[in-house]
Amino acid sequence: MKTEITNIVFPRITDHKVKFNCERNNIFEVRTGNNNSGLYAKQEIKIDEVICYLIGETSDSPTKYTVQIYKDKHVNPPEAADESAYLWKYINHSCQPVIYVDFTDFSFRAIRDIGHGEEITFNYNTSEYEIARPFKCNCRSQKCYGLVQGYKYLTEIEKKEIMKYTAEHLIRIDG
Ligand SMILES: [Zn+2]
């Protein structure tokens with residue numbers, strides 16, 4: 001199914017955020033594996049530090065690469081854009097992640113201090129209601145969900161566990 005790009009208003013791509021994201025390229029590297037890429041820290045990152053900002057174009061349906069920000073709004077990295085401002089697209093899921101999305105300013109922030117060489121991951125179930133392409137997780141954490149399908153499919157206990165980092169739109173859609 002083709003995703004229709006509706007507009008580029010929310011979250012706004014500002015010069016400040018583009019510049020910030022580009023500067024963060026010194027701190028991270030993209031590593032490419034067999035059939036996946038991931039973002040890794042090249043230096044230590046402090047708890048609550050901004051990793052980068054979620055900027056891009058919005059569409060009304062999800063894809064493998066989008067991040068949901070509202071009921072029918074999903075952020076895409078623009079196709080022809082300067083890659084370095086959109087490193088967030090390489091951030092993989094983990095059931096025990098090291099970062100979260102702060103939806104008040106659309107930033108990715110560190111949950112805890114992150115060490116040199118660690119992979120930057122966030123919990124897709126905290127932003128996505130229904131994941132476009134559910135996948136089997138291999139994060140090996142004790143609390144691994146197994147199949148990652150989105151917030152909608154979590155148990156009430158699982159929802160409680162991630163409440164602190166869950167996007168408000170998910171709670172509203174779910175309610
Ligand atoms: Zn997992």
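This is a guided tour of the structure, from the whole chain to its strands and its nonpolar core.

Residues are numbered from 1 along each chain as its sequence is written. The model is predicted: local features need pLDDT of at least 70 and side-chain atom pairs count only at pLDDT 80 or more, whereas totals for chains, interfaces and linings use all residues.

**Whole chain.** Begin with the complete protein chain, which contains three helices and 13 strands; helices (H or I, at least four residues) and strands (E, at least two) are DSSP runs, numbered from the N terminus. The radius of gyration is 15 Å, close to the 16 Å that the globule rule gives for 175 residues, so the chain is as compact as a globular protein of that length. The radius is taken over C-alpha atoms, and the rule is 2.2 Å times the number of residues to the power 0.38. Along the principal axes, the C-alpha atoms fill a box of roughly 40 × 40 × 35 Å. Of the contacts with a separation of 6 or more, 62% join residues 24 or more positions apart (contact: C-beta atoms, placed from the backbone, within 7 Å).

**Open sheet.** Select E4 (50–53), E9 (99–102) and E10 (107–110). An open sheet of three strands appears in the order E4-E10-E9, with antiparallel pairing; two strands pair if DSSP finds at least two bridges between them. E4 and E9 are at the edges with a single partner strand each, so one side of each has no neighbour in the sheet. Between E9 and E10 there are four bridges, and Val101 has Phe108 as its bridge partner in E10.

**Nonpolar core.** Next, select Leu54, Trp88, Ile91, Ile99, Val101 and Phe108, the residues with the most contacts inside the largest nonpolar core, which has 29 residues. Such a core is a set of buried Ala, Val, Leu, Ile, Met, Phe, Trp, Tyr and Cys residues joined through C-beta atoms within 7 Å. A residue is buried if 20 or more other C-beta atoms lie within 10 Å of its own, the C-beta atoms being placed from the backbone. Buried residues make up 30% of the chain's 175 residues.

**Strands around E7.** Finally, select E7 (residues 73–76) with E5 (residues 57–59), its antiparallel partner over three bridges. Here Thr58 stands opposite Val75 in E7. Add E6 (residues 67–70), which also runs antiparallel to E7 and is joined to it by three bridges. Gln68 has His74 as its bridge partner in E7, and two residues lie between E6 and E7 in the hairpin that they form.

Key: A residue is buried if 20 or more other C-beta atoms lie within 10 Å of its own, exposed if 12 or fewer, and partly exposed in between; C-beta atoms are placed from the backbone. Two residues are in contact if their C-beta atoms, placed from the backbone, lie within 7 Å.
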